[in-house]
Protein chains: 2
Amino acid sequence: MLDNKWAPPRVLVAVDLVILTLREAKLHVLLTERGIDPFRGTYALPGGFLNNDKEDLLAAAHRELQEETALDPENLHLEQLGAYGAPERDPRGRVISIAYLAISPELPEPSAGGDVTDAAWRLVDDVTSGRLTLAFDHHHILEEGIERARSKLERTTLATAFCGETFTIADLQRVYEAVWGVRLDPRNFYRKAQHAPGFIVPVEAGRRSTRGRPAKLFRAGPSKVLQPPITRPHATWGNR
Amino acid sequence: MLDNKWAPPRVLVAVDLVILTLREAKLHVLLTERGIDPFRGTYALPGGFLNNDKEDLLAAAHRELQEETALDPENLHLEQLGAYGAPERDPRGRVISIAYLAISPELPEPSAGGDVTDAAWRLVDDVTSGRLTLAFDHHHILEEGIERARSKLERTTLATAFCGETFTIADLQRVYEAVWGVRLDPRNFYRKAQHAPGFIVPVEAGRRSTRGRPAKLFRAGPSKVLQPPITRPHATWGNR
DNA sequence: ACAAAAGTGTTTCAGGTACACCCATGG
DNA sequence: CCATGGGTGTACCTGAAACACTTTTGT
C-alpha cells in the first residue's frame, strides 16, 4: 500500500459561498453567471480557488465575499458549511470545494466582476423548485446551506444577522417566517423574542413609524445561543 | 489579480477520523501513535492522505477506518465534521484535512499498522483535560467532534449508534450520561426514550438478565430525528 | 428474604399555543 | 374616527422534573 515511490495526490482547492439575505420578506441567495467554461452562461455560487498555498480557508472566503459584494466585515456571519469533494464534481479535474455560509442584512444589487458576467440576488425558491439550475454540485451545497440556516435559527441568535444595526421585533419575525417558510403568531413571537435572555436589547428612544402604532427598536444582544429557543411549530399548526 | 500566468495552488488532502465509542460507561476515542515524523511518538487521530485523485472523501474515510479498526460497515455512523486548513497546521507544507466523525458500538482493542506504532482507545477526558497531547490541530478537531456528538444526541437518534444490535434502555441512558457528562433520572429517561416515536422498537421475547429484574431489549427504530427530543437538563440540576 | 435493577403512577410546575383585548399612530 | 400594526393579559394544555411505589429477578 505504501511503497516507497508512492506520493499522495495534490488537488485544487476552491472556496464557495452560500450568501443568504432577505429581500421583500423572501429568502434570496447571491448567484453569479459564469463567463467561462465549464458551465459558461449558467448560474453558480460565488467562489474561486485559493490564491496561494499560504491563504487560510476562512480568509479566502472573506476575500471572495468582498470581491462579489463589497460589504463591511461587521454584521456579517460567516461559518464553514463543509467540504465537497466528489471526484467528478468538476469536469476540469479533481477539485475539492470548501463551502461557507454567509448571512447578511439586505444589500444593494451586486455588480459583476472577474470571470463573472452577472451577479444578482435570486429567490431561493427559484432554485429549490428547479426553475433555476446551478453549475457543479452547487444545488446540493445550497440545500445544505439553507438547512444549516434553518436549524441554526432555532438554537442560536443567527436571525439578527439577517437584520441591520437596529430592527423591530416584526422584522425579526419576518426572518423566521422567510427562512422556515411558516407563519408565526406575532403576539406570541413578541414575547418569546423578548424573554430569550441576551437575544435582543432595546434601543432607547428608538421607534420606527409606519402605519399603525410605532414599533420599538432593538439591536442584537450579547448572546450567541438561545436558551429558551424560538421553536419551530410542530404538533399543532394553529399559527394563523 | 488574475493575470494569464497565474495558476491556483495544488495542495495535499488528508482525511482524519474522530472515532468515538463507549467502554465501561466512559467515552473513548481511537488514537494512533505516530511512527514517523513529524510528531513521531505522539498520539494523533487516525487518518491519512487521499490514495489517488479519484478517491471520494467519504470512501477515503471508510478506507482509513477499516485499516485501523476492521469493523463492519453496518451499525456505523459516519459523517463529515468539517475541513481544517490553517496554513501552518502541518509542518510538511500545506495540507487540508477533511475530518469525519464515526460513532461505533464497543469494539475490541485495535492493532497498529502502517506508519503507526500503537493504536488504542483512550479516555476522551485524558485529552480534553490536557493529560494527553495530540499532534497537529487534532485536539481542536476532537473537541469539535465531541461537541457535534453532544448536540446530535439531543436532536437525533445518534445514541443508538453507540449501542450494539440490541440494547436495554439503561444502556441507552449510559450513552447520554457519558457523552453529556451528566446523571439522568432512569425513570424519566425510560419514558422519554419509549415515547419518542421511531426511536427504539422492542425486540420480542428479548430480555437481558443481570442482577435485579431483567430488562427488555430494544433495537434502533426507523427514525433519524427525535421529535420530542431527549433534552439535556438545564435550569434545575436535580437529576440525582 | 433481601438487594438490586426494571418499570409505573402521580404531582407539580414551566412554557407553548391560542386568542381576546387594549394602545398609538397615520390617513 | 377608523384602519392598522404594536403590544399585553390570560386560559388551557402538554411535557419536564421529582419522587413514591410496585415488579421481577439473582443470590
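Buried here means under 20% relative accessible area, with exposed over 50% and partly exposed in between (1.4 Å probe, protein chains only). The views come from a predicted model, in which local features need pLDDT of at least 70, side-chain atom pairs count only at pLDDT 80 or more, and totals for chains, interfaces and linings use all residues. Side-chain values use heavy atoms, without hydrogens or water.

**View 1. W180(B) and its ring partner in chain B.** W180(B) is buried at a relative accessible area of 8%, and Y176(B) is buried too, at 0%. Both residues belong to helix 4 (residues 169-180) of chain B, four residues apart, about one turn of the helix; helices are DSSP runs of H or I with at least four residues, numbered from the N terminus. Ring centres of Y176(B) and W180(B) lie 5.2 Å apart with planes at 70°, so this pair is edge-to-face. Rings of Phe, Tyr and Trp (its six-membered ring) pair if their centres lie within 6.5 Å, and planes under 30 degrees apart count as stacked, over 60 as edge-to-face and the rest as tilted.

**View 2. An aromatic cluster in chain A.** Over all chains, the structure holds six aromatic pairs. In one of them, Y176(A) and W180(A) have ring centres 5.1 Å apart and planes at 70°, so they meet edge-to-face. Ring pairs join these two residues with F189(A) in a cluster.

**View 3. Arginines over tyrosine rings.** R122(A) sits over the face of Y43(A), 5.2 Å from the ring centre. For R122(B) over Y43(B), the distance is 5.1 Å. The criterion asks for NZ of Lys or CZ of Arg within 6 Å of the ring centre and within 35 degrees of the ring normal.

Note on methods. Residues are numbered from 1 along each chain as its sequence is written. Chains are lettered from A and ligands numbered from 1 in the order in which they are written. Helices (H or I, at least four residues) and strands (E, at least two) are DSSP runs, numbered from the N terminus.
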